[in-house]
Amino acid sequence: MKNSILKDKLLNDVDEQLLNKISDIDNIKNGAFNIRKNGQGIERNCTANVNIVPKTDKPGIDIYVKENTVFDIVHIPVIVTESGIADTVYNDFYIGKNANVVIMAGCGIHNDHNHNSEHNGIHRFFLEENSKVKYIEKHYGTGKGKGKRILNPVTEVYLKKGSILEMETAQIKGVDSTIRETKGELLEDTNFVVSEKIMTHGKQFAKTTFELSLNGKNASAHVTSRSVATENSEQLYESKIYGNAKCFAHTECDAIIKDNAKVIAIPEIAANNVEANLIHEAAIGKIAGEQLIKLMTLGLSEKEAEEEIINGFLR
């Protein structure tokens with residue numbers, strides 16, 4: 001493996017710009033990584049504790065993290081720069097007992113032409129007892145072509161006793177259409193924490209669906225979605241939480257809406273055990289006038305004040 005992936009002719013300036021937005025590119029070479037470009041794996045590196053193996057039956061990789069691994073970082077970014085490509089990849093993560101690892105994923109699409117460019121990532125996480133994963137996923141689109149930039153991530157989570165998964169997802173900008181599906185099965189003493197941030201504009205569409213089953217005693221889940229919808233964009237948020245044991249779950253949708261945008265929140269919580277404690281909250285509205293006035297008294301224009309409020313909301 002070369003000392004620096006950026007010196008490899010397989011990556012050009014556009015590739016670097018995309019990787020800078022969706023991943024910590026400067027530190028990729030210091031750990032385990034797999035870089036996928038236009039439907040092909042182009043660079044890969046394994047470490048003593050992390051093994052990355054290409055699948056033989058379908059596109060994708062299997063990532064194995066050894067038990068008792070401490071604070072390793074795994075990078076698995078995807079970039080798409082060809083117009084008209086429809087890429088689907090299947091990645092499975094097997095996290096050993098007592099392991100603690102950070103996984104940085106995400107996809108960047110650059111489309112300067114008239115055909116749609118699409119990436120569908122199906123990720124499954126299998127956490128053994130007392131393991132911990134922080135999963136960071138960023139989506140970003142650029143390009144001046146009329147072809148759409150489409151991203152459809154699917155995440156499945158299977159948590160064994162005492163394991164923890166923290167999931168941070170962000171749709172930065174430039175994604176015309178996305179359908180994000182997250183499913184989870186939680187056993188005893190597990191914890192699943194999700195923080196989602198979405199920004200849409202123009203005629204973009206974003207749909208998010210969470211379906212979580214809390215099957216073990218003292219399992220817990222915390223899902224927070226913050227989004228901003230502007231211009232003529234549309235967003236749909238759906239959450240389905242099933243409490244099948246003594247457990248706790250809290251899901252929250254908080255959205256700012258501007259112009260002619262639309263946001264819909266559909267909650268569903270089902271307590272199938274007398275000791276299941278489930279909470280859903282949703283708030284959708286425009287930026288409060290007093291917030292704008294306060295910032296404008298400090299010398300900001302109305303547009304600058306709105307940008308400051310939105311940036312702080314999505315931070």
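These numbered points go through a predicted model of a single chain, from its overall form to a few individual residues.

1. Overall form. The chain has 315 residues and a radius of gyration of 20 Å, which agrees with the value near 20 Å that a compact globule of that length would have. Along its principal axes, the C-alpha trace spans about 60 × 55 × 35 Å. The secondary structure consists of three helices and 21 strands, and among contacts between residues at least 6 apart in sequence, 81% join residues at least 24 apart.

2. Surface, burial and charge. Buried residues account for 50% of the 315 in the chain, while the accessible surface comes to about 14,800 Å², with 46% of that area belonging to carbon and sulfur atoms. The chain carries 38 positive and 44 negative charges, and the mean positions of these two sets are 2 Å apart.

3. The nonpolar core. The largest nonpolar core has 38 residues, and those with the most contacts inside it are I95, I103, V133, F192 and L214. To take one of these further, L214 touches residues that include L186, A219, I241, Y242, C247 and F248, when residues up to four places away in sequence are not counted.

4. S131. This serine sits in the loop between strand 10 (117–127) and strand 11 (132–142), and its relative accessible area is 1%, so S131 counts as buried. Beyond its neighbours within four places in sequence, S131 is in contact with I95, G96, N98, A99, G162, S163 and I164; one of these, I95, is also among the residues with the most contacts inside the largest nonpolar core. The C-alpha atoms of S131 and G162 are separated by 7.2 Å, although the two residues are 31 apart along the chain.

5. S163. A second loop serine, S163, is placed between strand 12 (149–159) and strand 13 (164–173), and with a relative accessible area of 0% S163 is likewise buried. When neighbours within four places in sequence are left aside, the contacts of S163 are L127, E128, N130, S131, D189, T190 and N191, and the pairing with S131 appears in the contacts of S131 as well.

6. Two asparagines with positive phi. N38 has a phi near 50 degrees, a positive value in a residue other than glycine, and N98 has a phi near 65 degrees, again positive in a residue other than glycine. N38 lies in the loop between strand 1 (32–37) and strand 2 (40–45), whereas N98 lies in the loop between strand 7 (86–95) and strand 8 (100–104). Their exposure is worth setting side by side: N38 has a relative accessible area of 14% and is therefore buried, the limit for that class being under 20%, but N98, at 40%, counts as partly exposed. N98 is also one of the residues in contact with S131.

7. I150. This isoleucine belongs to strand 12, and at 12% relative accessibility I150 counts as buried. Leaving aside neighbours within four places in sequence, I150 is in contact with I109, N116, S117, E118, H119 and S177. I122 is 28 residues away from I150 in sequence, and their C-alpha atoms are 14 Å apart in space.

Notes. Residues are numbered from 1 along each chain as its sequence is written. This is a predicted model: local features need pLDDT of at least 70, side-chain atom pairs count only at pLDDT 80 or more; totals for chains, interfaces and linings use all residues. Side-chain values use heavy atoms; hydrogens and water are left out. A nonpolar core is a set of buried Ala, Val, Leu, Ile, Met, Phe, Trp, Tyr and Cys residues joined through side-chain atoms within 4.5 Å. Buried means under 20% relative accessible area, exposed over 50%, partly exposed in between (1.4 Å probe, protein chains only). Contact means heavy atoms within 4.5 Å. Helices (H or I, at least four residues) and strands (E, at least two) are DSSP runs, numbered from the N terminus. The radius of gyration is taken over C-alpha atoms; the globule rule is 2.2 Å times the number of residues to the power 0.38. Accessible areas come from the Shrake-Rupley method with a 1.4 Å probe; for residues, only the protein chains shown count as cover. Lys and Arg count as positive and Asp and Glu as negative; His and the chain ends are not counted. The place of a charge is taken as NZ of Lys, CZ of Arg, CG of Asp or CD of Glu.
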